[in-house]
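Here is a walk through a two-chain model, written for someone who would rather be at the bench. Have the structure open while you read.

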Amino acid sequence: MLTFIILCCKTIYPSAEVNYLSGTEQMVNIRVVGVGLDEEQAIINAEQKVFDVLFFRGLPESQQKMPMVGSDQSTEMSKNKKYFDKFYDEQRHKTFVISSIPSSGLSKVKGGKSITVDVIVNLSALRSDLETFGVIRKFGL
Amino acid sequence: MSCISVFIYAQQAVTVQPKIMVIPFIKEGEDIRTILEADVNRRIAITKIKEAFDLRGFTTVDFTAKLKAAKDNNIFTSENQTDIKTQIIQMSGADIYVQAEVNEQKGQSGNSVTLILTGYEVSTGNSLSNKVGESGRFYTDDFGKLASKAVENIAGDFLNVMQTKFTDIVNNGKSVIVDISFDPGSQYKMSSEIGSDGLPLSDQIEMWMEKSAFKNNYHIQGTTDLRMIFDDVKIPLKDQVTGNNYNPNKFALELFKFLKELGLQPGKDIKGSTIYITIK
């Protein structure tokens, strides 16, 4: 009974399923798996996962190996709540997506439907936006 | 009835940015004064690196312009290449230099360029970023294009690492070196008991450093009876009281005042981020 209670309270984080394909200092091409109730929701989920990784994890092999914002996701998001609410909830993230092309069909999974998407992100514009809104500091001291 | 409008302008001190200069790496026998004139591929690499800084909105110090100024003013006092490089860096006023080493490789499976990029703080030698960039192998003799590609492959990453070091400086202070010694004719030594406490001078200095170093962060390289060197003392970027920009000169002044309060006669000299205190 105690084990059941403990297991119920344990948080299980899903894998980001974000893979670097190619990129430069100004843009990055990423393959990502998104999940949603339908194709549109799955694509949005995929795109937003890309930004989660860029902001809070960094992407090995790319020119953005370090997180753009910081590793402590919950603290950083609450520090800049207004910015991130607009970015995710109001789908402002789409303004930084150069292209978002499904590379697989829609398949049924637990929780809905999943799709693999190749997303190209405008890193320069994203960085500039984060600097403009004070989420990160401009280059320098 | 007259209306009086009062406008209060809040002045926020703009942080002084470090001066960064991109310079070529020189091998034995090469002349740093003519190296760029002789090699277009190195010029391309340096220009691409400067472009990366420009894209981040950061202005660098131009090496070629400083070199020309040095030549025009007959600055060079030695023919030794290491000395010339040091003189150029010093007279440029650069706080950070980014050194670019370009290596061309020719092979049967194609040609490539390897770029070694290193960034240092001039006065402390603290490393800020290091990356090795590869262009990849191609069947081409356009080494300029390969050099350009090698820079593009690492520039963003290089600057991101440098930015994390800058963030560390903003949060935890900038490094200075403090070198305290005595005039040859001075009656004092580090073991001299001075001040109202009658404690040895070296202990008095360390206690002051404990309170004055930013977040109590300092490192003593060594202490002898004639010299005390703090090879890494953190000072804040902003004055903690006024919010104004803070620099090694101001820190040196505080140390100077402290030593005067102890009844000593100090002299101070500041070169970049190194503070030399000489007690008479």
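## Chain A at a glance

Of the 141 residues in chain A, 28% are buried; a residue counts as buried if 20 or more other C-beta atoms lie within 10 Å of its own, as exposed if 12 or fewer do, and as partly exposed in between, with C-beta atoms placed from the backbone. A word on ground rules: this is a predicted model, where local features need pLDDT of at least 70 and side-chain atom pairs count only at pLDDT 80 or more, while totals for chains, interfaces and linings use all residues. Residues are numbered from 1 along each chain as its sequence is written, and chains are lettered from A and ligands numbered from 1 in the order in which they are written.

Chain A has five helices and five strands. Both kinds of element are DSSP runs numbered from the N terminus (helices are H or I with at least four residues, strands are E with at least two). Reading from the N terminus, you meet them as α-β-β-α-α-α-β-β-β-α. Among contacts in chain A with a separation of 6 or more, 55% are between residues 24 or more positions apart; a contact here means two C-beta atoms, placed from the backbone, within 7 Å.

## The partners of β5 in chain A

Strand β5(A) pairs with several others, where pairing means that DSSP finds at least two bridges between two strands. Here they are side by side.

| Strand paired with β5(A) | Sense | Bridges | Opposite residues |
|---|---|---|---|
| β2(A) | antiparallel | 10 bridges | G34(A) and I115(A) |
| β3(A), residues 97-102 | antiparallel | five bridges | V97(A) and V121(A) |
| β4(A), residues 107-109 | antiparallel | three bridges | V109(A) and G112(A) |

The hairpin of β4(A) and β5(A) has two residues between the strands, and G111(A) takes a positive phi near 100° there. As background, side chains in a regular strand alternate between the two faces of the sheet.

Next comes helix α5 (residues 123-132) of chain A, where L123(A), L126(A) and R127(A) are buried. They span an arc of only 95° around the axis, so they sit on the same side of α5(A); that arc is taken from the directions running from the helix axis to the C-beta atoms. What do the buried residues of α5(A) pack against? They pack against β2 (27-36) and β5 (112-122) of chain A. Just after α5(A), G134(A) has a positive phi of about 70°.

## Chain B

Chain B contains seven helices and 11 strands. Its radius of gyration is 24 Å, well over the 19 Å that the globule rule gives for 280 residues, so chain B is more spread out than a compact globule. (The radius is taken over C-alpha atoms, and the rule is 2.2 Å times the number of residues to the power 0.38.) Along the principal axes, the C-alpha atoms of chain B fill a box of roughly 75 × 75 × 35 Å. Buried residues account for 31% of the 280 residues of chain B.

An open sheet in chain B has five strands in the order β8-β9-β5-β11-β10, with mixed pairing. Its edge strands are β8 (218-223) and β10 (266-271) of chain B, each pairing on one side only. On average, neighbouring strands of this sheet are turned by 15° against each other, direction ignored. At one edge, β10(B) runs antiparallel to β11 (residues 274-279) of chain B, joined by six bridges, and K268(B) stands opposite I277(B) in β11(B).

Two helices go with this sheet. Helix α7 (residues 248-261) of chain B packs on the sheet, touching β5, β9, β10 and β11 of chain B, and its direction makes about 170° with that of β10(B). Helix α6 (residues 201-212) of chain B lies across β5 (174-182), β8 and β9 (227-235) of chain B, at about 5° to β9(B). Such angles run from 0 to 180 degrees between N-to-C directions, with axes as lines fitted to C-alpha atoms, for helices over the stretch in contact.

One residue to click on is F158(B), in helix α5 (residues 143-172) of chain B. F158(B) counts as buried because it has 26 C-beta neighbours inside 10 Å. Leaving aside neighbours within four places in sequence, F158(B) is in contact with L117(B), S129(B) and K131(B).

## Where the chains meet

The contact takes 12 residues from chain A and 21 residues from chain B.
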